[in-house]
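Colleague: Before I rely on the labels attached to this model, I should like to hear the grounds for each of them.
Modeller: Please ask about them one at a time.

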Amino acid sequence: MATFDVIVIGAGPGGYVCAIRCAQLGLKVACVEGRETLGGTCLNVGCIPSKALLHASHQLHEAEHNFAKMGLKGKSPSVDWKQMLAYKDEVIEGNTKGIEFLFKKNKVTWLKGWASIPAAGQVKVDDEVHEAKSIIIASGSEPSSLPGVTVDEETVVTSTGALALPKIPKSMAVIGAGVIGLELGSVYARLGADVTVIEYLDAITPGMDGEVQKSFKRLLEKQGLKFIMGAAVQGTEAKKNGATVRYKLKKDDSEHSLDADVVLVATGRRPFTTGLGLDTLGVKLTQRGQIETDSHWQTSIKGIYAIGDAIQGPMLAHKAEDEGMAVAEVVAGKHGHVNYGVIPGVIYTHPEVANVGATEEQLKAEGRAYKVGKFSFMGNGRAKAVFAGDGFVKLLADKETDRILGCHIIGPGAGDLIHEVCVAMEFGASAQDLALTCHAHPTFSEAVREAALACGDGPIHS
Ligand code: NAI
């Protein structure tokens, strides 16, 4: 048995960041992780491996579609799938080993095994009980499936199975047009699969700005993805080679089916708290199984905190990281804070899609007076030079005060561009503040400035 100031349960982006920050603040800290490697879902079977496959498949897309236009002639590369998976695994290893190094550097003890909490102040890892003044649950989430859909991670897969398919399927049915479905659907479409996305709602990527949703769907369709909208999936049946997806169209209740080599279930994730013993302890959960926390991330039990996908809010690695750093400050007796109004969201398709703050639909629903500044990447010289003129930047600002309320980008480097707007919003900036800031030419970021100019006297290049 060992005694610590803090024990963090889970070494995903929430947990490992929290453990490192606790150590930096002078606390004696351990982090429990049952996987063979650190980094949680994000590094092992989520954000990082999917980005490796998105990168590789995008290079193929560029070779097939844009190389000849630039005078780069010759045969397009063929896909060595085994090598592509090996590259992805190498990326994972480099990142997870990196966290191991950071733990050593910061003197964070890695307790290997699965944790439970027998009582406040105690964490049991396998058969050993350790003590800590504060316990922080960062146990993350797991894919949630649908009734009638049996995931075998071979034919009917979640994102985990989709990142390690034995071969590139000829056809893929994706259930759910959310972030996972569209990122991984894009990967396989670029690699030659016939991809059909089946979505319950009438728009893709729920919660996103309406104009972006429409433009995004059009661009994905141009890339070959097919969509069946307003369709409730009823179940799947395994066949000799692949599976059948049964769905009902909401408009007329008619029943249909679709056969595919592989079915990707991407209908959301749910908090993963199995085995922690929260029931026995009496830790309160919400109706959706999230751990209830107060404004300092403390659960209903004193000294036990929770962060990340296991609690309320968007299931995003960077939201978990921010909470990890903030709760570390709290248990160290300082003031931790997360600005939930300025959490960016990014979809790493091509083009990328990014957003922060309010959507136009939200502002309308609130009855707020706002103005819209929009600028197309067609008017951006750099974007045109690299065949990336599809998409736009849409900035929303208060009609009276000009304060920035939200930003929605679809286009090249959107996931990076959004951050200048995040910083501006953190400082309570106006659209004019962005418009008067010098932006280097030629960069994609000029499109953000032009959108800000469009909130005032008008953009120059449109
Ligand atoms: P999601 O919640 O983003 O999308 C799920 C979609 O499935 C929704 O559009 C929903 O309407 C649809 N759906 C649900 N039931 C259905 C049914 N019976 N038939 C047809 N459609 C149905 O969930 P997703 O994509 O699985 O992602 C899970 C979480 O992981 C999300 O919170 C997401 O933010 C996060 N994530 C974030 C990434 C990023 O930031 N780039 C990458 C991957 C995941």
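**Labels and their grounds**

Colleague: Why is Ala68 called partly exposed?
Modeller: Ala68 has a relative accessibility of 48%. Buried means under 20% relative accessible area, exposed over 50%, and partly exposed in between, with a 1.4 Å probe and protein chains only. Ala68 therefore counts as partly exposed. The model is predicted: local features need pLDDT of at least 70, side-chain atom pairs count only at pLDDT 80 or more, and totals for chains, interfaces and linings use all residues. Residues are numbered from 1 along each chain as its sequence is written, and side-chain values use heavy atoms, leaving out hydrogens and water.

Colleague: Where does Ala68 lie?
Modeller: Ala68 belongs to the loop between helix H3 (47-65) and helix H4 (81-106). Helices (H or I, at least four residues) and strands (E, at least two) are DSSP runs, numbered from the N terminus.

Colleague: Lys75 is in the loop between H3 and H4; why is Lys75 called exposed?
Modeller: Because its relative accessibility is 84%, Lys75 counts as exposed.

Colleague: What makes Ser144 count as buried?
Modeller: The relative accessibility of Ser144 is 16%, so Ser144 is classed as buried. Ser144 is located in the loop between strand S7 (141-143) and strand S8 (156-157).

Colleague: Which residues does Ser144 touch, not counting residues up to four places away in sequence?
Modeller: They are Val265, Thr267, Gly268, Arg269 and Arg270. Contact means heavy atoms within 4.5 Å.

Colleague: How do you know that the charged end of Lys250 sits over the ring of Tyr200?
Modeller: The rule asks for NZ of Lys or CZ of Arg within 6 Å of the ring centre and within 35 degrees of the ring normal. The charged end of Lys250 is 4.2 Å from the centre of the Tyr200 ring and sits over that ring. Likewise, the charged end of Lys374 sits over the ring of Phe392, at 4.4 Å from its centre.

Colleague: What makes the approach of Val346 to the ligand a polar contact?
Modeller: A polar contact is a pair of N or O atoms within 3.5 Å; within protein, one must be able to donate a hydrogen and the other to accept it, and residues adjacent in sequence count only if both atoms are side-chain atoms. A backbone N or O atom of Val346 is 2.8 Å from a nitrogen atom of the ligand. For Ile180, a backbone N or O atom lies 2.9 Å from an oxygen atom of the ligand.
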